[in-house]
Structure formats: structure tokens, C-alpha cells
Amino acid sequence: MTTAARKTPARKPANKAARTPAATAPQAPARAARARANLPLRDAAATREALLVAAVEEFARNGFAGARVDLIAASAGVNKQLVYHYFGNKEGLYRDALEAVYAQLREKERALSLADMAPAEAMAALVGFSFDYLSEHPEFISLLADENRNAGQHIRESASLQQMHLPLVEMLEATLARGVAEAVFRDDYDAINLYISVAGLSYFYFSNNHTLSVIFAKKLSSRAAHAQRRKHVIEFTLNALRPGAD
């Protein structure tokens, strides 16, 4: 006795029109960029911030010329297509990284609330902060050195970066004016020259720390050396500002 083979119904071709609208709907640019890069959907602000953090590290380590976009993207955990999506190109990323670093510095300076302190106390706080910031952020020193090698090109192209220094100058001018009015500061110092001097006193110490340590046979990177230099920079500035100091 034979048994007839069972027949399996043939499958109908997939109906493309039956797909869900979400699968075929046009995507927003940021979502489309992530889709092309095979990335999970991420918060745009968090992605941009991660790229900036990675960029600061890479540019500080290798300079603008030597930095690689693919390494920055890999460090941020995203596809490098997103670098171009958010920043346009390597130059745009570098400029935004500089802006982010300077913005953080200026924000911390404003948080000192110098107007609430006596003039000498306010000046000591600003000088001490400037020293501490460079001590805690060696990447800032590297970025400045690299941008100076590039003749300040990227800073020159950033109007917002140039503008963000104005509040600092105004804050210094106000502190100097209060000090002159209270007869604790001399009246022939201007804010910009003072800031350059204050920044230089600390910047040179950190930017040349290795060579200075060798030249003077002293470990200038030690905590004790930092504390001694910090005290000196503050006292040096206040002594220079004192009326009658020449």
C-alpha cells in the first residue's frame, strides 16, 4: 500500500507594501548618520560631548597635524562618520575642541566670584586658580603650544572664542580699580598686561618643567615644588601690584 506524499503549500512572495511605515520612513539627518554607521541610537549631546573629550586628548597628544579622526571616533565609541556629521571636518572638530577647553576655563574663573572678595584676596585667588588649572590640565598646555605652532589660525577663525575672553578682562579691570580705590594696588597696570604676566609665570613653569628640572637638578614636578612655586607666583604678583613697587 502506498501513501501519497504530503504537499507543502508554496510560500507567497513577501508583500513589500505590507512592511511597517517605520521601516521605510525617511530618517532625520542625525538618525540617518547613525544608521549608515551601524550605531545604536544615542543622545546627540552625549555623542558630541564624547567626541570633544576624545578630540582634546588626541590633539593634545599628537597636535592638529598628527591627530587622526578615526582614533578620536574609536575613543569616543562611535563611527567616524559622526565626526563629519557634527563638526564638518577635522578643522571644525579642532576648533570646537579649543572652544570647549577655553569655555571650561573661563567658566571656572567666573565661578571664583572675585567681586565678593577684597581686591588683594581676589587677585591671590585668581593667580592661585590659574596655577592650579595648569597643574591639573596638562592637555591645555599642549593644545596652546600646538595652536601657537599654527600661528593661532583656528582661534582666529572662532569669533565666539575671541569673545569669551572679554568677561575675564572686565573682571580684572574691576578688581584692579577696586584695589586702586582702596590704595592697595598701584594705578599704572592694565588688565591685559597683568593677565599675560600672571599666565606666563605659571605657564612657563609647567610647559618647561622637564627641562627646568634637568637644568637645576631639582624635581620641579613634585608636590612640594608645586606648592613652593604657587606661593611664589601669588606673592610675586601681589608685590608687583603694591603701591610704590618698582
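This passage describes the confidence, packing, charge pairs and backbone features of a predicted model.

The protein chain of this predicted model averages a pLDDT of 84, and 82% of the residues score at least 70. Residues 1–41 are another matter for the reader to keep in mind, with a pLDDT below 50 over that stretch. Beyond near neighbours in sequence, the 1–41 stretch makes 23 contacts in the model.

We may turn next to the nonpolar interior. In soluble globular proteins, nonpolar side chains tend to be buried together. Here, the largest nonpolar core has 40 residues. Within this core, the residues with the most contacts are Leu 51, Phe 59, Ile 72, Leu 93, Phe 140 and Leu 143. Two or more residues each are given to the core by H3, helix H4 (69–76), helix H5 (81–87), H6, H7, H8 and H12. Helix H3 provides the largest share, eight residues. Leu 93 offers a helpful view of the packing: leaving out residues up to four places away in sequence, Leu 93 touches Leu 51, Leu 52, Ala 55, Phe 59, Ile 72, Val 83 and Phe 87. Another core, of 18 residues, lies apart from the largest one and includes Met 123, Leu 172, Leu 194 and Ile 234.

Helix H8 contributes to the largest core and rewards a look of its own. Spanning residues 138–149, H8 has twelve residues. From its first C-alpha to its last, the helix reaches 17 Å, close to the 16 Å expected at 1.5 Å a residue. Its buried residues are Phe 140, Ile 141, Leu 143, Leu 144, Asp 146 and Glu 147. Among these, Phe 140 and Leu 143 also belong to the group with the most contacts inside the largest core. The partners against which the buried residues of H8 pack are helix H3 (44–66), helix H6 (90–110), helix H7 (119–136), helix H9 (153–156) and helix H12 (191–207).

Charge pairs come next. Side chains of opposite charge can pair when their charged atoms come close. The model contains nine salt bridges, and three of them are described here, beginning with a pair in helix H3. Arg 61 forms a salt bridge with Glu 58, with 3.1 Å between the closest N and O atoms. The two residues are separated by about one helical turn, because they lie three residues apart in helix H3. Their surroundings can be read from their accessibilities: Arg 61 counts as exposed because its relative accessibility is 57%, whereas Glu 58, at 3%, counts as buried. Leaving aside neighbours within four places in sequence, Glu 58 is in contact with Gly 63, Gly 66, Ala 67, Arg 68, Leu 71 and Ile 72.

Arg 68, one of those contacts of Glu 58, itself takes part in a salt bridge with Asp 70. The closest N and O atoms of this pair are 2.7 Å apart. Asp 70 is partly exposed, with a relative accessibility of 31%, and Arg 68 is partly exposed as well, with a relative accessible area of 44%.

In the third pair, Glu 157 forms a salt bridge with Arg 95, the closest N and O atoms lying 3.0 Å apart. This pair links distant parts of the chain, with Glu 157 in the loop between H9 and helix H10 (159–163), Arg 95 in helix H6, and their positions 62 residues apart. Glu 157 counts as partly exposed at 45% relative accessibility; Arg 95 is also partly exposed, with a relative accessible area of 22%.

Finally, two loop residues are worth a glance for their backbone angles. Most residues other than glycine have a negative phi, and most peptide bonds are trans. Ser 113, although not a glycine, has a positive phi of about 55°. This serine lies in the loop between H6 and H7 and is partly exposed, with a relative accessible area of 33%. Ala 151 is likewise not a glycine and has a positive phi of about 60°. Helix H8 is followed by this alanine, which is found in the loop between H8 and H9. With a relative accessible area of 53%, Ala 151 is exposed.

Methods
Residues are numbered from 1 along each chain as its sequence is written. This is a predicted model: local features need pLDDT of at least 70, side-chain atom pairs count only at pLDDT 80 or more; totals for chains, interfaces and linings use all residues. Side-chain values use heavy atoms; hydrogens and water are left out. Helices (H or I, at least four residues) and strands (E, at least two) are DSSP runs, numbered from the N terminus. The expected span of a helix is 1.5 Å times one less than its number of residues. Buried means under 20% relative accessible area, exposed over 50%, partly exposed in between (1.4 Å probe, protein chains only). Contact means heavy atoms within 4.5 Å. A salt bridge is a side-chain nitrogen of Lys or Arg within 4 Å of a carboxyl oxygen of Asp or Glu. A nonpolar core is a set of buried Ala, Val, Leu, Ile, Met, Phe, Trp, Tyr and Cys residues joined through side-chain atoms within 4.5 Å. pLDDT is the predictor's confidence in each residue, from 0 to 100.
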